[in-house]
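Trainee: I have this entry open and would like to know what stands behind the words people use for it. Could you take me through them?

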Amino acid sequence: MLSDKMEKALNGQINEELYSSYLYLAMAAWFESENLPGCAAWMQAQAREENGHALKFFKYINERRGRVTLQAIKEPTKEWKSPLAAFEASLNHEQHITGCINDLMNLALAEKDHATAALLQWYVNEQVEEEANVDSIVQKLKMAEK
Ligand code: OFO
C-alpha cells in the first residue's frame, strides 16, 4: 500500500506530466502556425511521450492499490517569440520536472518505500535523457543565430 502522502504526491505528478503533454501540444500547434512542421512533429512526439509518463504513474498507483484522482490541467502558454524561445521554455520545463521527480524520490527514500523509489529511478534516468535532448537543440539554434 502507498502512504496517503505518497499517493497524493504521485497524483500531483500525474497532473505535472499531463500538463507537460499539454504544453508540448501547444508548442506543436504554435510551430504548425509558424509553418515549421518538423519542429511541430518533434513537439507532438514529446506530447505523446509525456502522456505515456502520466499513464505509467496511473498504472503504478493502481497496482499499489492506491486511488488515482485527476485534477484540472492548467492552460499552457500559446506563443513564443522564436523557435529558440520555445525550446528554451521546454528545457526550463524539463528542469522543473526533474526537480519534481527528485522531490518524489526524496519522499520515497524517507518513507523507505523501495517499490516507489524503483519506479522513480526510471524517471530520474529519463529526465537526464530529456534534458540532454532539448539542450542539444537549444545549443544548435543558438549556433544558427550567430
Ligand atoms: Fe519530459 O518528462 Fe515526463 O517525466
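Mentor: Gladly! Let's start with helices and strands: they are DSSP runs, numbered from the N terminus, where a helix (H or I) needs at least four residues and a strand (E) at least two. By that rule, the protein chain has four helices and zero strands, and its pattern along the sequence reads α-α-α-α. This is a predicted model, in which local features need pLDDT of at least 70 and side-chain atom pairs count only at pLDDT 80 or more, while totals for chains, interfaces and linings use all residues. Residues are numbered from 1 along each chain as its sequence is written, and side-chain values use heavy atoms, with hydrogens and water left out.

Trainee: How do you know that the span of helix H1 agrees with its number of residues?

Mentor: The expected span is 1.5 Å times one less than the number of residues. For the 30 residues of H1, 4-33, that gives 44 Å, and the end C-alpha atoms are 44 Å apart, so the two agree. Just after H1, Asn35 has a positive phi of about 60 degrees.

Trainee: Ser20 sits in H1 too. Why is Ser20 called buried?

Mentor: Buried means under 20% relative accessible area, exposed means over 50%, and partly exposed is in between (1.4 Å probe, protein chains only). Ser20 has 0% relative accessibility, so the word is buried. Gln13, also in helix H1, has a relative accessible area of 3% and is therefore buried as well. Across the 146 residues of the protein chain, 42% count as buried.

Trainee: What is Ser20 in contact with, leaving aside its neighbours within four places in sequence?

Mentor: Contact means heavy atoms within 4.5 Å. With those neighbours set aside, Ser20 touches Glu50, His93 and Ile97. Gln13, treated likewise, is in contact with Phe57, Ile97, Cys100, Ile101 and Leu104. For the chain as a whole, 83% of the contacts with a separation of 6 or more come from residues 24 or more positions apart.

Trainee: Still in H1, there is Tyr22. What makes Tyr22 partly exposed?

Mentor: Its relative accessibility is 42%, and that value lies between the two cut-offs, so Tyr22 is partly exposed. Tyr22 also belongs to a nonpolar surface patch with Leu25 and Ile73, which together have about 270 Å² of accessible area.

Trainee: What makes a group of residues a patch?

Mentor: Its members have over 30% relative accessible area and no salt bridge; like charges are joined within 9 Å, and nonpolar side chains (Val, Leu, Ile, Met, Phe, Trp, Tyr) within 5 Å. The areas come from the Shrake-Rupley method with a 1.4 Å probe, and for residues only the protein chains shown count as cover.

Trainee: And salt bridges: how many does a search of the whole structure find?

Mentor: The search gives four. A salt bridge is a side-chain nitrogen of Lys or Arg within 4 Å of a carboxyl oxygen of Asp or Glu.

Trainee: Why is the pair Glu88 and Lys142 called a salt bridge?

Mentor: Their closest N and O atoms are 3.7 Å apart, which is within the 4 Å limit, so the name applies. This pair links distant parts of the chain, Glu88 in helix H3 and Lys142 in helix H4, 54 residues apart. Glu88 has a relative accessible area of 29% and is partly exposed, and Lys142, at 36%, is partly exposed.

Trainee: Which residue forms a salt bridge with Asp113?

Mentor: That is Arg64, with the closest N and O atoms 3.3 Å apart. Asp113 lies in the loop between H3 and helix H4 (114-145) and Arg64 in the loop between H2 and H3, so the pair ties together parts 49 residues apart in sequence. Both Asp113 and Arg64 are buried. In another salt bridge, Lys59 meets Glu63 at 3.0 Å, N to O. Those two lie in helix H2, four residues apart, about one turn, and both are exposed.

Trainee: How many disulfides does the search find?

Mentor: Zero, in the whole structure; a disulfide is a pair of cysteine sulfur atoms within 2.5 Å. As for cysteines, Cys39 is partly exposed at 24% relative accessibility, whereas Cys100, at 14%, counts as buried.
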